[in-house]
Amino acid sequence: MKFLMNFSAFLLLIGGFTNHVVAQENTQLNKEQKSTFNKYEAFSPLFMTDQVNGFHSATGNPGSEYWQNRANYKIKATLDTIHQKIDGSVTIKYINNSPYNLEFLWLQLDQNTFKKESRGSALYPANDRNGVHTYTNGYELKNVAIKMDRGSKQKADYIVSDSRLQIRLPETLKAKGKDMEITINYSFDIPEHGKDRMGRVLTKNGWIYTLAQWYPRMEVMDEVDGWNTLPYLGTGEFYLDYGDFDYEITAPADMIVVGSGLLQNPKEVLTQYEQKQLEKAQKSDKTVSIQSVKQMLDRADHHKADKNGMLTWHFKIEQSRDISWAASNAFIWDAAKINLPKGKTALAQSLYPVENSGIDGYGRSTEYIKNSIELYSNKWFSYTYPVATNVGAHEGGMEYPGIVFCNYKSKGENLWGVINHEFGHNWFPMVVGSNERKFAWMDEGFNTFINDVDTKEFNNGEYYHTADLQSMGIRLFNEQLDPVFTVPDVIHNQGNLGVEAYYKPSTALQILRNTVLGQDRFDYAFKTYIKRWAFKHPTPWDFFNTMNSAAGEDLTWFWKGWFMNNWKLDQAVEGVKYVKGDPKNGALITLLNKNKMAMPVTLKITEANNTTKTVKLPVEVWMTGPEYVYNYESTTKIISVEIDPNHEVPDLNPANNTLTVLLDAPAGITAKSVINNYIQTIGGQNKLENVKDIATSMNTNIQGTAIKIETMKKDSNKYFMSISIPASNQVFVKYVVNGDQVSAMSNGVVQPLDTKQKQVILKEVVIFPELEYVQKGYKTELLGVQVTNGEQLYVVKITSPNGDVSKNYYNVTSGLKYKHEALGKTGNSITEYADYKTVDGIKIPFTQTSNNFGQNIEMKITEIKINKGIADSNFK
């Protein structure tokens, strides 16, 4: 499932912004304490020993006694478009491969979550993504029957408990391969909003139906939890056994029906033209039209139907954990060939309404499907189904075996992102069948990771963005987050879910691949995990043990920090000393691991003779404790030492990653003269003091989503800031200051602020801070000259009357401000300025790059107004 596809990265960004306000004021360490790192805790050997048995081995392989049950399904269902309901019948052949005789069975009745009295309705409000927007009666069970061994069919003794059904057997289902049949006749009303996983949506030319969780399904019984009977609430997805499916869908004759697997009766349901075009598409690397807009409108006139105007579509799929399907009389349809390893092929096809059929929308959907699956197949494990279908409907993005449902309004990069993500799920969890209801990160996180690898390769990186992972530490190591090892419905908060199930585990795998193991060792181990657990049920420990064994590395410290606990990383350069006071004798570089997480260290060391060396230190250096002294063979004075120069690892406080030795400022230069020179350079004191109000609009882009940031300041005591997505007309964050009154809103909800948080926001009120720096109460100090990218910068330390400390960096040559750094107790807020332009006689930086959002974001001013008389009503 795609995490709020259209603005997922934006929500992560906003979370970083609002949490940054708190981060600047929280204290993580005691005053006497330099570090919370505990080497005994990080490198403890007592981690996974109790998770090993004959079913799940210490090597990460399935154990010698591993087993799993199997369920084969035959289903017949009718789509009633008049009453908006499904009538169906399912026969399940359940095969008990376990070593236990079974006295009862458990089945899933997912549609019951839409009942008013369901547990899911109690947990999630109606307007939540996982809430019930319109109640139904859930499953109406008309008949439940069983057939034991060779006996005759009989009425089942069963009970229904929320979204589960228990069948109490008249005799035990014997162990080790014995089977029985379950037959259920059922119906249910189709909800419009099916927790963003199924439902129906009305488009210009008709309804689009997306059917999932549409038949009673077996619960999984395994050797880890026994019967897995967690109810379907909303956030927690699915855990299912594998089997073969044979199903028939009867629908009005003017509709196209597509589903998981291969269509068995094309001659009975398709026109000769459609059959011919499908055959052409199966041989074509270019997208081929199967049904155009005109043919869609005329389709009802070209099909023979039964006396009720209906057609029956027959599908089969093997070795699958589930099936889903879609139907509509509004579909445009196109397809192309997928090239798989070893000369095999499959079919990519897209079905979508006319509303978004252009080349910037679903006109490229089939291209995206084809490329996604070809890249995944060549990199990790070959695609296992004969067809890959994308249906443009109302869901934000939802995955099923061989078919996905994506929002029909998505375009460009967003459309690539959701298609690539949902089809990535055919590896996790369709092939590697983990327990999604308990461990969302094992499919969402792993999938998000391979999405990134895929996107970098697609069309020469058409939609790829290089991420500054280092700056993401503020968000990923937020105190308010749960550990990754948290049941999804317990996380509950959608913003936290996006981090904990998607981005944090994905980031962890990127770091494991690029920084810890290297791509070759990681890729081999990761592919070994997929191969070992294809069509099986791995636990987290099976993944951990496989990666440890196949990569040849004890990664206990890594799994603890990133997955089991909400530990944080904050590495710092503490100081540089020289042996016997002479750089020629070598340098002693002191590093500090300030928080609980351990990681290897990459150092970039620059000397005064302009030589630069990169040093990689293994994680074992922290086995000595939180402080490590590296003996570097220097020849001249060290100018700078930088941890993680390529910004590959999230860090809670990137500012302390670099230690720069400042040069002495020229004689006669003071902090006051530097600040006064800046004031004169951008317009002069009189002109700046005459600015009574200023309004700016800035744009930025987060993974294809356009973001607008608007600010207004007036009289140095009024401030307004909002962050929004123009495409959806949604405002996600708003701050307002009016004198001493400070308010904050997030997603339309007023957020409580304590005194310290209000003080952080109040700092933004001042229009030109330098005018205050030269007044009484402020202390300024010129620390020296720093060389950055060949430019010399004056570094000025500013201490406000209430003790807040910041640093400003001014270009020695131009006099313009290059950077502002607010020094917090757990992290620094950094903003860089560039592209100065003159507006009404004042030089304004039109490009600002800030880490205030939890990652480095470049913002560009699109409009600025000075002294235009902003009304006081804007600050209420």
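## Tryptophan 214 and the nonpolar cores

In this predicted model, tryptophan 214 is in contact with Ile75, Ala77, Tyr139, Tyr186, Phe188, Tyr247, Ile249, Ile323, Ser324 and Trp325, leaving aside its neighbours within four places in sequence. Trp214 also belongs to the largest nonpolar core, which holds 188 residues. Together with Leu105, Phe526 and Phe558, Trp214 touches the most other members of that core. The element that gives the most to this core is helix H12 (residues 494-517), with 11 residues.

Another core, of 47 residues, lies apart from the largest one. Among its members are Tyr833, Phe846, Met859 and Ile864.

## The crossing of H9 and H12

Helix H12 meets helix H9 (residues 444-457), and the two axes come within 7 Å and cross at roughly 55 degrees. H9 and H12 are therefore oblique to each other, and their crossing is right-handed.

Residues from both helices take part in the contact. H9 supplies Glu444, Gly445, Phe446, Thr448, Phe449, Asp452 and Val453. On the side of H12, the residues are Ala501, Tyr502, Pro505, Ser506, Leu509, Gln510 and Arg513.

## An open sheet of 8 strands

Strands of a sheet pair through backbone hydrogen bonds, in either a parallel or an antiparallel sense. One open sheet here consists of 8 strands in the order E5-E4-E8-E2-E1-E14-E18-E16, with mixed pairing. Strands E5 (153-155) and E16 (262-263) stand at the edges, and each has a single partner strand, so one side of each is left without a neighbour in the sheet.

Within this sheet, strand E1 (residues 70-80) pairs with strand E2 (residues 85-96) in the antiparallel sense over 11 bridges. One of the bridge pairs joins aspartate 80 to lysine 85 in E2.

## Strand E36 and its two hairpins

Side chains alternate along strand E36 (residues 741-746). Val742, Ala744 and Ser746 point to one face and are buried, whereas Gln741, Ser743 and Met745 point to the other face and are not buried.

Strand E36 has antiparallel pairings with E35 (residues 730-738), through 6 bridges, and with E37 (residues 749-750), through 2 bridges. Methionine 745 appears in both pairings: this residue of E36 is the bridge partner of lysine 734, and it stands opposite valine 750 in E37. E35 and E36 form a hairpin with 2 residues between them, and glycine 739 in the turn has a positive phi of about 65 degrees. E36 and E37 likewise form a hairpin with 2 residues between them, in which the turn residue asparagine 747 has a positive phi of about 55 degrees.

Technical notes
Residues numbered from 1 in each chain as written. Predicted model: local features only at pLDDT ≥ 70, side-chain atom pairs only at ≥ 80, totals over all residues. Heavy atoms only, no water. Pairing = 2+ DSSP bridges. Helix = DSSP H or I, 4+ residues; strand = E, 2+ residues; numbered from the N terminus. Core = buried A, V, L, I, M, F, W, Y, C linked by side-chain atoms within 4.5 Å. Buried < 20%, exposed > 50% of the residue type's maximum accessible area, 1.4 Å probe, protein only. Contact = heavy atoms within 4.5 Å. Axes fitted to C-alpha atoms, helices over the stretch in contact; angles between N-to-C directions. Parallel < 35°, antiparallel > 145°, perpendicular 65-115°, else oblique. Left-handed = near helix turned anticlockwise from the far one by under 90°.
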